Amino acid sequence: MNAHEIDYEIFGEEMQYVEIELDPQEAVVAEAGSFMMMDTDIKMNTIFGDGSNQDNSVLGKIFSAGKRMLTGESLFMTAFLNIGQGKKQVSFASPYPGKILPIDLSEMGGRFICQKDAFLCAAKGVSVGIEFSKRLGRGLFGGEGFIMQKLEGDGMSFIHAGGTLAKKTLGPGEVLKVDTGCIVGFTKDVDYDIEFVGGIRNTVFGGEGLFFATLRGPGTVYIQSLPFSRLAGRVLASIPRGGKDKGEGSILGTLGDIVGGDTRF
């Protein structure tokens, strides 16, 4: 089936959300936990898989849900259907600081490849599947493993990127080298592989990992400046050991906190 035609508007700068306008009987599907708010007369239903209805049989629905398990996502998605008479709005929020990227699949040749946790929501009818890597090196060391998400159809999809989003348009044969965790997604004709950094000093002391991704055009690539894994690593590194504050920003540490008004003992 053709995807529903939806209108949208993105709000915010660092913590964005997307507001989708639905005509009567139009619907949008979203990942669990991304819902923010909605108008009355919008009905929320939990469905198996992505609701693209490519196969209405029981086995087809189970297979669709099973594909989502392979990408580490829930078996279920949530569909939001406008059952009212006029236009209604439903909004979905980004999970951490970054940008929401609208993807019109009809302008991308009907397919877009993205990292496993990038998908936020899409018009009902868009298929959210899996993309297997056929290269052993990419699967073992490429950051996203053998499996990435594949968005197919002719409707609007929305994915999330951490930090600032960069768009690179590659010509035929043009190569872009990227940190494996910084890839958000790319168009279907881009060739994706990994490459060893090389050099003993780079490998042991570089601090940038052993591999980086090579993206070869033609096609469009989207890069994020702050992968969630990098953000989580910085947060974990800053957690006080033993439950005590490190006294960040103060040469005197705990004494500085007390002088500054912190009276905890």
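Buried here means under 20% relative accessible area. Keep that cut-off handy, because Lys88, at 17% relative accessibility, counts as buried. What you have open is a predicted model, and this tour follows its salt bridges, four in total.

Start by selecting Lys88 and Asp41. Their side chains meet in a salt bridge, 3.8 Å from N to O. Lys88 sits in strand β7, while Asp41 is in the loop between β4 (35–38) and β5 (42–48), so the pair ties together parts that are 47 residues apart in sequence. Unlike buried Lys88, Asp41 is partly exposed, with a relative accessible area of 40%.

Now step back one residue and pick Lys87, together with Asp23. The closest N and O atoms of this salt bridge are 2.5 Å apart. Here Lys87 belongs to the loop between β6 (76–82) and β7 (88–93), and Asp23 to the loop between β2 and β3 (27–30); 64 residues separate the two. Both ends count as partly exposed: Lys87 at 45% relative accessibility, Asp23 at 24%.

Leave those two on screen and add Glu21. Through salt bridges that share partners, Glu21, Asp23 and Lys87 form one network.

Last stop: Lys99 and Glu13. This is another salt bridge, its closest N and O atoms 3.8 Å apart. It links distant parts of the chain, with Lys99 in strand β8 (residues 98–104) and Glu13 in the loop between β1 (7–11) and β2 (17–22), 86 residues apart. Turn on the surface and look at both ends: Lys99 is partly exposed at 25% relative accessible area, whereas Glu13 counts as exposed at 53%.

Conventions
Residues numbered from 1 in each chain as written. Predicted model: local features only at pLDDT ≥ 70, side-chain atom pairs only at ≥ 80, totals over all residues. Heavy atoms only, no water. Helix = DSSP H or I, 4+ residues; strand = E, 2+ residues; numbered from the N terminus. Buried < 20%, exposed > 50% of the residue type's maximum accessible area, 1.4 Å probe, protein only.
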